[in-house]
Amino acid sequence: MADEQRNGLGATFLAFTLGAALGGGLALLTSSRSGPENRQKLHDMVDETRGKLNEMTEEAETRIKKVIQDSRDLLQENADLVKAAVKAGKEAVAAEKAKHEKPA
């Protein structure tokens, strides 16, 4: 499941980047604006794309941190359960030994 999410995020990122590059290139080729106007437009598009990429990066980082924290919590819960089970097992063994010991 984690691999599917990772692949989905990578595919989304790639599609976004390619779409932005192709769209920008086509816009420049079919534009009736002058060179300086095109450069300004390209600069604006780069800034917009950079902002979107930063948002996507921050969102991915937040999700990754949440998954890591959830994993740590789950491991801690399982560790506590295992410790409790081992303790209960030791107590049960001690109780059985006490039952079967012969008084001196």
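Which residue forms a salt bridge with E61, and how far apart are the closest N and O atoms? The views below take that up along with two other pairs, all in a predicted model.

**View 1. The whole chain, before zooming in.**
This predicted model has 2 helices and 0 strands in its protein chain. Of the 104 residues, just 3% count as buried. The accessible surface adds up to about 9,000 Å², with 62% of that belonging to carbon and sulfur atoms. Search the whole structure and you get 6 salt bridges; the next views pick out some of them.

**View 2. E61 meets K65 in a salt bridge.**
Here's the answer to the opening question: the partner is K65, and the closest N and O atoms sit 3.2 Å apart. Both residues belong to helix 2, and because they are 4 residues apart there, about one helical turn separates them. E61 is partly exposed, at 41% relative accessibility. K65 reaches 53%, and since the cut-off for exposed is over 50%, K65 counts as exposed.

**View 3. E48 and K52 join through their side chains.**
Now look at another stretch of helix 2, which runs over residues 35-100. The salt bridge between E48 and K52 has an N to O distance of 3.2 Å. With their positions 4 residues apart in the helix, the two lie about one helical turn from each other. Neither end is hidden away: E48 is partly exposed, with a relative accessible area of 48%, and K52 is partly exposed too, at 35%.

**View 4. K66 pairs with D70 in a salt bridge.**
In this close-up the closest N and O atoms are 2.9 Å apart. K66 and D70 are also in helix 2, 4 residues apart, so about one helical turn lies between them. Is K66 buried or exposed? K66 counts as exposed, at 51% relative accessibility. D70, on the other hand, is partly exposed, with a relative accessible area of 37%.

**A note on the pairs.**
Why would such side chains team up? Those of opposite charge can pair when their charged atoms come close. In View 4, that pairing brings K66 and D70 together in a salt bridge.

Note on methods:
Residues are numbered from 1 along each chain as its sequence is written. This is a predicted model: local features need pLDDT of at least 70, side-chain atom pairs count only at pLDDT 80 or more; totals for chains, interfaces and linings use all residues. Side-chain values use heavy atoms; hydrogens and water are left out. Buried means under 20% relative accessible area, exposed over 50%, partly exposed in between (1.4 Å probe, protein chains only). Accessible areas come from the Shrake-Rupley method with a 1.4 Å probe; for residues, only the protein chains shown count as cover.
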